Amino acid sequence: MTSLFSPRVSRTCLSLAAAGVLLGASLSAQAATWRGWNVHPDGYPNSLALKSFAEEVAKTTDGRVEPKVYNNGVLGDQPDAIEQARSGALDFGNFNMGPMGPVVPETDVLSLPFLFKNVEQMYRVMDGDIGKRFAAALAEKNLIALSWFGSGARSFYDTKRPIETPDDVKGLKLRVMNNDLYVQMVDALGGNATPMAYSEVFQSLKTGVIDGAENNFPSFESSNHYEVAKYYSLTEHLIIPECLCVAKSSWEALSDADQRAVRTAAENAAQEQRQLWAERVAKSRAIVEKAGVKINQVKDKAAFQQRMEPIYQAFTDKHPELASLIEEIRQTP
Ligand code: BDP
C-alpha cells in the first residue's frame, strides 16, 4: 500500500482541496438540510455536542445549512453509516475510528491496543500534525474530518467473572466492533471475538449469545449493558478518537465562508464534547456501581500489553510504511 502520509501525496490532497474550494464557491447559493448520523441517545455527551453543532451551523450560515441529527443509530449501524456518508447519502456523522479501519487502513493505527498513554495524549496527537494527516487519509475516502471527539478508554465487561489477568479472558465470547484488529486482540487473550453491531449487543448479552463486550463507562451505562454484565474490568486497552465528519459532496457544495463556519462549529462541538465527556464518565461509573456492577482494578496491565506484541509485529509487517507513525504517536508527550 502506498503511504498517504508521504509528502508527495499530501501535495495532491492540497490541489484537490483547492479545486474543492473553487467548486464550492459556485454552488454556494443553495440552502441545504443536512442529515447527520449519531449512534448515541439524547443527553449523551456526543449527542449534546452534535446538537450544539447543528444550532451553531444553522445560525452562522444564516440558514443556508440546516443540520438535523438522528440519534440512536436510527439511520443504520455504524459501518453502514460510514458508507452512506462516503457516498453522500448522509451529510455528516460522528464516527469512531474503529469501524473506520476497514475503509481507511491508515486509521487502523488508532485501533492498536495500548497505543496511547492516556486520553490527554490522544487529544494532543489528534489536534496536531498527525491528526491532520489522518484527516487527509479520510478525505481521500470522501470524508472530511473537521474535529476529533474523545471516547475515553475501553475496558472489558462480562457476565461471568472479573478479568484480572489475560488468562481470565480464556473461553469468553466477547463482542467487538467491526475491525479485524479487535478479533486479533481478543484471540491473543484466548477469548472468542464476535464482531457485531452495537445495536445487537444488549440482546446478545441477555440471551447468552455473547458473554461480554468492551467499551467505555458512558456507553456501558447508556446502552444498559450493565444491567446484564455485572463485571467491569479496567483493562483500558483501547483509546479511540472519533471524528465529526462531513460527506465530501456536502462539504464541496459550500462556499468558502460557509466551510469556515461549519469547521468552527465542529471545533467548538469537540471542545464541548470533551468537557462533557469527563463529567459523564464519573456519572456513568456511579450509576453502574450503584446497580451492583463490580468494577475491578487490573493490577498488571503490562501482562495484557505484552500479549499484544504479536499484533503490532503483524501490523507493521503488513504496513511497514505506518511503523514510523506508530513511533511518532508513542513519542508524543
Ligand atoms: C462507543 C462509540 C460508538 C461505537 C460503540 C460500539 O462511541 O461509536 O459504535 O462504542 O462499541 O463507545 O460500537
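This is a short tour of a predicted model, one selection at a time.

**Stop 1: the whole protein**

Show everything as a cartoon to start. You should find 14 helices and 11 strands in the protein. The radius of gyration is 20 Å, close to the 20 Å that the globule rule gives for 333 residues, so the protein is as compact as a globular protein of that length. Turn the model around and you can follow the C-alpha trace along its principal axes, where it spans about 60 × 40 × 35 Å. Buried residues make up 46% of the 333 residues. What about contacts along the chain? Take the contacts with a separation of 6 or more: 77% of them are between residues 24 or more positions apart.

**Stop 2: two domains**

Now pick two colours. Give one to domain 1, which is 32–150 + 241–282, and the other to domain 2, which is 153–239 + 294–331. Their centres, taken over C-alpha atoms, are separated by 23 Å. Where the domains touch, domain 1 puts in 28 residues and domain 2 puts in 26 residues.

Stay on the domain 1 side of that contact and select α3 (78–87), α4 (97–100), α5 (119–127) and α11 (256–290), the elements that each give two or more residues to it. Which of them gives the most? That is α5, with 3 residues. Colour this side by class and you get 18 nonpolar, 6 polar and 4 charged residues.

**Stop 3: the ligand**

Next, click on the ligand and show its surroundings as sticks. Around it you will meet Val39, Gln78, Asn96, Ser151, Met177, Tyr198, Asn215, Asn216, Ser219 and Glu242. How many of the shell residues are nonpolar, polar and charged? The split is 3 nonpolar, 6 polar and 1 charged. Keep your two domain colours on here, as domain 1 and domain 2 each supply at least three residues to the shell.

**Stop 4: a strand with partners on both hands of the list**

Select strand β9, residues 231–238. Is β9 mostly covered or mostly open? Mostly covered: 6 of its 8 residues are buried. Add strand β5 (residues 154–158), which runs antiparallel to β9 and is joined to it by 4 bridges. Zoom in on Phe156 and you will see it opposite Ser233 in β9. Then add strand β11 (residues 294–297), which is also joined to β9 by 4 bridges, but here the strands run parallel. For an example pair, look at Tyr232 and its bridge partner in β11, Ile295.

**Stop 5: a buried alanine**

Go to helix α2 (residues 45–60) and pick out Ala54. Why does Ala54 count as buried? It has 20 other C-beta atoms within 10 Å, and 20 or more is the cut-off for a buried residue. Leaving aside neighbours within four places in sequence, Ala54 is in contact with Pro67, Lys68 and Val69. Try the distance tool on Ala54 and Ser147: they are 93 residues apart in sequence, and 14 Å apart in space from C-alpha to C-alpha.

**Stop 6: an exposed glutamate**

Finish in helix α13 (residues 309–318), where you can select Glu309. Glu309 is exposed, with 10 other C-beta atoms within 10 Å; the cut-off for exposed is 12 or fewer. Use the distance tool once again, this time from Glu309 to Arg263. They are 46 residues apart along the chain, and their C-alpha atoms are separated by 38 Å.

Notes
Residues are numbered from 1 along each chain as its sequence is written. This is a predicted model: local features need pLDDT of at least 70, side-chain atom pairs count only at pLDDT 80 or more; totals for chains, interfaces and linings use all residues. A residue is near a molecule or strand if its C-beta atom, placed from the backbone, lies within 6 Å of it. Ala, Val, Leu, Ile, Met, Phe, Trp, Tyr, Cys and Pro count as nonpolar, Asp, Glu, Lys and Arg as charged, and the others, Gly among them, as polar. Domain bounds come from an automatic or database domain assignment. The radius of gyration is taken over C-alpha atoms; the globule rule is 2.2 Å times the number of residues to the power 0.38. Two residues are in contact if their C-beta atoms, placed from the backbone, lie within 7 Å. Two strands pair if DSSP finds at least two bridges between them.
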